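Biologist: I have not looked at this structure before. Could you take me through some of its helices and loops, one question at a time?

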Amino acid sequence: MKLERIDIGPSPVRRGHARLTGWVRYDRPADGVAGEAYWYEVPDAFAGDLTTSGNPWLAALLPVAVTLGESLVLSRPVDARQLDNARELMLAWAHWFPQRQPVPIEADVTPSAPPGSPDALSRTATFFSGGIDSFWTALRPRAAPLDDLVLVLGTFDLAAADDAALDRVRARMQGAADAMGKVLVPITTNQMRTRLASTDPRRMSGHSMLGSATLALESRYSRVLASTSVDLDWPDGEGNESVLSELLSTSRTRFAAEGALVSRVDKTALVARSEAARGALRVCFLSGNEDNCMACVKCLRTAATLEALGGLARWPTFGGRPLPASRVARATLAEEVERYFFAELPPFCRARGREDLARAAESAIARARRHDAFRPLVRWLRRNPRVARATRWLEARVQDPVVPPGYAR
């Protein structure tokens, strides 16, 4: 596959925005598609920071090339350090996902800038989704200033969101950024409408997607912080975020991971003290908008922590009502990582006098373990049109659905 050219110009759909577009041609067309345009849009206030280098395209297209098994050819020069990092990144992917082996990269190389060069940049940014991890990174005490909060729109949970929902998310995050004294930098992208969406963003390419969006503004940043979603006690090394984020670094823009030494409940405790987070905290991957569905496991474990910290009634994005322990007990914990996070709840809640929430979390974990042996059969029954509806009805009698009613995903 080849990045044939890039363009920078006004957005064809958003007034007051500029678009950076990369035109990509694939070696093997699929579904009649021989090429695609990948793009990033920013408000005109940040248009002067858009780059013409190949660095954002190396970050974005490398997981696509590896997934397709095609060489990656870039028409724009890339940073020497980033190119070395990219080869190491492919080795990490091959270790975790043996079917995805390294591919050749062809590109002209720009020399690495020496440390302390006269044109060295000074701004520091962090990825900001409005969730616990990103709020913690924005709020944690630090000696070096944090300048910008980069909100990437059109990816992950917001991939299918309409323009109105994106505008509401942007408005809430702007309010939070203003309250924290930070600059919000919204970047809209079509990544999830390209072949990048088929590269396993959750486990493999998520940081490449976020990193490429930030590298589109690489002339603005010397450092970009990535919030880790699991701490060092998590036993599964697959998708180690510290490695993946730092391997996006160039000689001018260094990526660094933060938060691996802090548990999720301790992060939540810091965020809960912030008025800036009160009206903007959003953790849900299912709602597709600025609110939280309050039915998925991610919403429920966060809500349980906030309830133990003084009551969910103070949190409008979680419904602004107290959380019954029975809701926590019915949470579906099909994945090991969710059980890991839920296991933090019992001691945390007991220490704050919420024995009811602690027992509810323990009940949810125990039920999940009991159901493990039946999960393959249940998944098969869900796919059988004759019994799928009855299967889901029976599931709903003992636990909340993995996907709440009303959401197609």
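**Helices, loops and contacts**

Modeller: M294 is placed in the loop between α8 (275-278) and α9. This is a predicted model.

Biologist: Is M294 buried or exposed?

Modeller: Its phi is near 60°, a positive value in a residue other than glycine. The cut-off for buried is under 20% relative accessible area. M294 has 12% relative accessibility, so M294 counts as buried.

Biologist: F156 is not a glycine either. Which class of exposure does F156 fall into?

Modeller: F156 sits in the loop between β9 (148-153) and α4 (163-180), and its phi is positive, about 50°. Partly exposed covers the range between under 20% and over 50% relative accessible area. With a relative accessible area of 23%, F156 is therefore partly exposed.

Biologist: What distance should the twelve residues of α9 span?

Modeller: Helix α9 covers residues 297-308. Its end C-alpha atoms are 17 Å apart, which agrees with the span expected at 1.5 Å a residue; that expected span is 16 Å.

Biologist: How many of the twelve residues of α9 are buried?

Modeller: The buried residues of α9 include V297, C299, L300 and R301. Also among them are T302, A303, A304 and T305. The helix is mostly covered, and the number buried is eleven.

Biologist: Which residue has its backbone nitrogen reached by the side chain of E307?

Modeller: E307 lies in helix α9. Its relative accessibility is 9%, so E307 counts as buried. At 3.1 Å, the side chain of E307 reaches the backbone nitrogen of L323.

Biologist: Now to α1. How many residues of α1 are buried?

Modeller: Helix α1 runs over residues 55-68 and has 14 residues. N55, P56, W57 and L58 are among the buried ones, and V64, A65 and V66 are also among them. The helix is mostly covered, with the buried residues numbering twelve.

Biologist: At which residue does α1 bend?

Modeller: From its first C-alpha to its last, α1 reaches 20 Å, close to the 20 Å expected at 1.5 Å a residue. There is nevertheless a bend of about 40° in α1, and a proline, P63, follows within four residues of it. The residue at the bend is L61.

Biologist: Which residue just after α1 takes a positive phi?

Modeller: Helix α1 covers residues 55-68. Just after α1, a positive phi of about 75° is taken by G69.

Biologist: How is α1 oriented to α5, parallel or antiparallel?

Modeller: The axes of α1 and α5 come within 7 Å and cross at roughly 155°. That makes the two helices roughly antiparallel, because angles over 145 degrees count that way. The crossing in which α1 passes α5 is left-handed. The orientation of α1 to α5 is roughly antiparallel.

Biologist: S219 is in the loop between α5 (201-215) and β11 (221-227). Which residue has its backbone oxygen reached by the side chain of S219?

Modeller: At 35% relative accessibility, S219 counts as partly exposed. S219 and T253 are 34 residues apart in sequence, and their C-alpha atoms are 8.4 Å apart in space. The side chain of S219 reaches, at 2.7 Å, the backbone oxygen of D49.

Biologist: How far apart in space are A360 and S326, C-alpha to C-alpha?

Modeller: A360 belongs to helix α13 (residues 355-371). Its relative accessibility is 6%, so A360 counts as buried. A360 and S326 are 34 residues apart in sequence, and their C-alpha to C-alpha distance is 6.6 Å.

Biologist: What is the orientation of α3 to α7?

Modeller: The axes of α3 (residues 132-139) and α7 (residues 264-271) come within 9 Å and cross at roughly 60°. That angle makes the orientation of α3 to α7 oblique. The crossing of these helices is left-handed. To repeat the term asked for, α3 to α7 is oblique.

Biologist: Which residue has a side chain joined to that of T137 by a polar contact?

Modeller: T137 is in helix α3. Its relative accessibility is 0%, so T137 counts as buried. A polar contact of 2.5 Å joins its side chain to that of S227.

Notes:
Residues are numbered from 1 along each chain as its sequence is written. This is a predicted model: local features need pLDDT of at least 70, side-chain atom pairs count only at pLDDT 80 or more; totals for chains, interfaces and linings use all residues. Side-chain values use heavy atoms; hydrogens and water are left out. The expected span of a helix is 1.5 Å times one less than its number of residues. The bend at a residue is the angle between axes fitted to the seven residues ending there and the seven starting there. Buried means under 20% relative accessible area, exposed over 50%, partly exposed in between (1.4 Å probe, protein chains only). A polar contact is a pair of N or O atoms within 3.5 Å; within protein, one must be able to donate a hydrogen and the other to accept it, and residues adjacent in sequence count only if both atoms are side-chain atoms. Axes are lines fitted to C-alpha atoms, for helices over the stretch in contact, and angles run from 0 to 180 degrees between N-to-C directions. Angles under 35 degrees count as roughly parallel, over 145 as roughly antiparallel, 65 to 115 as roughly perpendicular and the rest as oblique. A crossing is left-handed if the near helix is turned anticlockwise from the far one by less than a right angle, and right-handed if clockwise.
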